[in-house]
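Me: I'd like to learn how to read a structure like this one, feature by feature. Can you walk me through it?

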Amino acid sequence: MSEDVGADKKADRGTAVDAGGLFGPSVDCEEAVHELYHYLDGELTEERRAQISVHLDWCGPCGGAAEFEAELRQVIASCCKDRVPQSLIDRVARAIDEESRQHHGEH
């Protein structure tokens, strides 16, 4: 009986959803997760991206992981934007004005 349980676990591990019969070649969970960052970065061929997309649409756990990673990237991107202090902006503007005055005075 323990052999049967192990076989069931192995079979379940990589195939949460097999939509391949409906939509072409299937992608298992292991493949989808392995290529998730390439998928999110747009680094896959159109064909492979479509295959991963079908899996993510039909597999709740993998689709949820993809949504989480995409949202996490958005949060990190919005929080990590460099903001230039107003004092620096003012100093640069004054320096440009001064340089412009000096340049125009020489002509």
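Me: Let's start with the outside: how much area does the protein chain expose?
Reply: Accessible areas come from the Shrake-Rupley method with a 1.4 Å probe, and for residues only the protein chains shown count as cover. Here the protein chain exposes about 8,500 Å², with carbon and sulfur atoms supplying 54% of it. Keep in mind that this is a predicted model: local features need pLDDT of at least 70, side-chain atom pairs count only at pLDDT 80 or more, and totals for chains, interfaces and linings use all residues. Residues are numbered from 1 along each chain as its sequence is written, and side-chain values use heavy atoms, with hydrogens and water left out.

Me: How many helices and strands are there?
Reply: Both are DSSP runs numbered from the N terminus: helices are H or I with at least four residues, strands are E with at least two. This protein chain has 7 helices and 0 strands.

Me: What share of the residues counts as buried?
Reply: Buried means under 20% relative accessible area, exposed means over 50%, and partly exposed is in between (1.4 Å probe, protein chains only). Of the 107 residues in the chain, 19% count as buried.

Me: Which residues make up the largest nonpolar core?
Reply: In soluble globular proteins, nonpolar side chains tend to be buried together. A nonpolar core is a set of buried Ala, Val, Leu, Ile, Met, Phe, Trp, Tyr and Cys residues joined through side-chain atoms within 4.5 Å. In this model the largest one has 11 residues: Val 27, Cys 29, Ala 32, Leu 36, Tyr 39, Leu 44, Ile 52, Leu 56, Cys 59, Cys 62 and Ala 66. Helix 3 (29-34), helix 4 (36-40), helix 5 (46-58) and helix 6 (60-79) each give two or more residues to this core.

Me: What does Tyr 39 touch?
Reply: Contact means heavy atoms within 4.5 Å. Leaving out residues up to four places away in sequence, Tyr 39 touches Leu 44, Arg 49, Ile 52, Ser 53 and Leu 56. Tyr 39 sits in helix 4 and is buried, at 13% relative accessible area.

Me: I see several cysteines in that core. How many disulfides are there?
Reply: A disulfide is a covalent bond between the sulfur atoms of two cysteines. The rule used here asks for a pair of cysteine sulfur atoms within 2.5 Å, and the count comes to 0. Cys 29 has its closest cysteine sulfur in Cys 62, at 3.7 Å, so that pair is too far apart for a bond. For Cys 59, the closest cysteine sulfur is also in Cys 62, at 3.7 Å, again too far.

Me: And the charged side chains: how many salt bridges turn up?
Reply: A salt bridge is a side-chain nitrogen of Lys or Arg within 4 Å of a carboxyl oxygen of Asp or Glu. The whole structure has 4 of them. Glu 31, Glu 35 and Arg 48 are linked in a network. Arg 48 meets Glu 31 at 3.1 Å, N to O, and this pair links helix 5 with helix 3, 17 residues apart. Arg 48 also meets Glu 35, at 2.7 Å. Arg 48 is buried, with a relative accessible area of 17%, while Glu 31 is partly exposed at 30%.

Me: Where does Asp 41 find its salt-bridge partner?
Reply: Asp 41 pairs with Arg 73 at 2.3 Å, N to O. That links the loop between helix 4 and helix 5 to helix 6, across 32 residues.
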